[in-house]
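Okay, thanks everyone for coming. I'll take you through one model today, so have the viewer open and follow along.

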Amino acid sequence: MIVDLMRHGEPAGGQRFRGHGCDDPLSETGWRQMERAAAAETGWQRIVTSPLARCRAFAEHLADERGVALSTAHDLREIGFGAWEGRTRAQLQEERPEEYRAFYADPEHNRPEGAEMLDAFRQRVAAAFAESVEAPGRSDEHVLLVVHAGVIRALVGGVMAVPDGHLFQLDCDYASLTRIHRQADRGWRLAFTNRVVAD
């Protein structure tokens with residue numbers, strides 16, 4: 001089985017913290033980024049998407065264009081950022097400077113107020129992946145997941161046994177592609193991460 005993980009493109013509204021409580025659509029640039037990424041790949045037999053608009057809209061378009069099955073996995077939505085939802089880095093540095101510094105020093109133990117805990121997030125993503133991708137009878141598929149940076153980090157972290165606090169060290173650019181694949185005798189393996197198609 002081959003599973004490609006595509007991050008959504010740039011959302012409307014610019015750079016800010018978007019978890020599952022902030023659902024901006026893709027910008028025009030974001031659409032172009034994802035179209036370029038998709039054009040570089042063929043062979044997807046099935047698409048699974050996050051329910052959030054910045055993923056779902058393009059996934060629906062691509063599934064229709066390619067004539068492949070599409071499903072939505074509610075628990076593949078992004079991690080919740082609590083009180084930081086919709087805020088920019090500059091706003092947080094001004095409004096919550098100590099909280100901001102603490103988060104980047106130790107994101108595992110210094111979560112924003114009301115934010116989802118990393119271990120709970122990883123558990124729900126792993127469960128959603130198992131249900132939507134690893135179901136019996138699907139061992140030979142090539143599947144595309146249209147998801148978020150946090151979801152990709154959680155899944156790669158699971159394959160590579162990365163501790164919670166180190167997940168944010170994985171770069172995951174807009175419309176990037178990451179690939180994992182499962183071998184019968186060796187389990188899940190990482191093929192590549194953060195592949196971006198240039199303009």
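**Cores, a pocket and a hairpin**

So, this is a predicted model, and I'd like to start inside. The largest nonpolar core has 33 residues, and the ones that touch the most other members are Val3, Leu76, Phe129 and Leu145. Which elements supply at least two residues each? That would be strand 1, at 2-7, then helix 4, helix 5, strand 4 at 142-147, and helix 6. Helix 6 makes the largest contribution here, with six residues. There's also a second core, separate from that one, with 18 residues, and Ile47, Cys55, Ala59 and Leu144 are among them. As general background, nonpolar side chains in soluble globular proteins tend to be buried together.

Let's zoom in on phenylalanine 129. What does it contact, if we skip neighbours within four places in sequence? You get Val3, Leu76, Glu134, Leu145, Leu155, Ile180 and Trp188. Three of the names you just heard, Val3, Leu76 and Leu145, were also on the list of residues touching the most other core members.

Okay, on to the pocket. The largest one comes out at about 680 Å³. It is lined by 28 residues, and the closest to the centre are Arg7, Phe17, Arg89, Ala149 and Arg153. Helix 4 (97-105), helix 5 (118-132) and helix 6 (149-160) are the elements that give two or more residues to that lining. Helix 6 gives the most, with three residues. And for those of you thinking about chemistry, the lining splits into 14 nonpolar, nine charged and five polar residues.

Next, have a look at arginine 16, in the loop between strand 1 and helix 1, which is 28-39. Is arginine 16 buried, exposed or partly exposed? Its relative accessible area is 28%, so it counts as partly exposed, given that buried means under 20% and exposed over 50%. Leaving out residues up to four places away in sequence, arginine 16 touches Cys22, Asp24, Gly86, Arg87 and Thr88. Glutamine 91 is 75 residues away from arginine 16 along the chain, yet their C-alpha atoms are separated by 9.4 Å.

Last stop, the hairpin. Strand 5, residues 177-183, and strand 6, residues 187-195, run antiparallel and are joined by six bridges. The hairpin goes from strand 5 to strand 6 through three residues. If you want a pair to click on, leucine 177 stands opposite arginine 195 in strand 6.

That's me done, thanks.

Methods. Residues are numbered from 1 along each chain as its sequence is written. This is a predicted model: local features need pLDDT of at least 70, side-chain atom pairs count only at pLDDT 80 or more; totals for chains, interfaces and linings use all residues. Side-chain values use heavy atoms; hydrogens and water are left out. On a 1 Å grid over the protein atoms alone, a cavity is a set of points where a 1.4 Å probe fits but cannot get out, and a pocket is an open set with protein on both sides within 12 Å along at least five of seven lines; lining residues have an atom within 4 Å of a point. Grid points are joined across faces, edges and corners, and a volume is the space filled by probe spheres set on the points. Helices (H or I, at least four residues) and strands (E, at least two) are DSSP runs, numbered from the N terminus. Ala, Val, Leu, Ile, Met, Phe, Trp, Tyr, Cys and Pro count as nonpolar, Asp, Glu, Lys and Arg as charged, and the others, Gly among them, as polar. Two strands pair if DSSP finds at least two bridges between them. A nonpolar core is a set of buried Ala, Val, Leu, Ile, Met, Phe, Trp, Tyr and Cys residues joined through side-chain atoms within 4.5 Å. Buried means under 20% relative accessible area, exposed over 50%, partly exposed in between (1.4 Å probe, protein chains only). Contact means heavy atoms within 4.5 Å.
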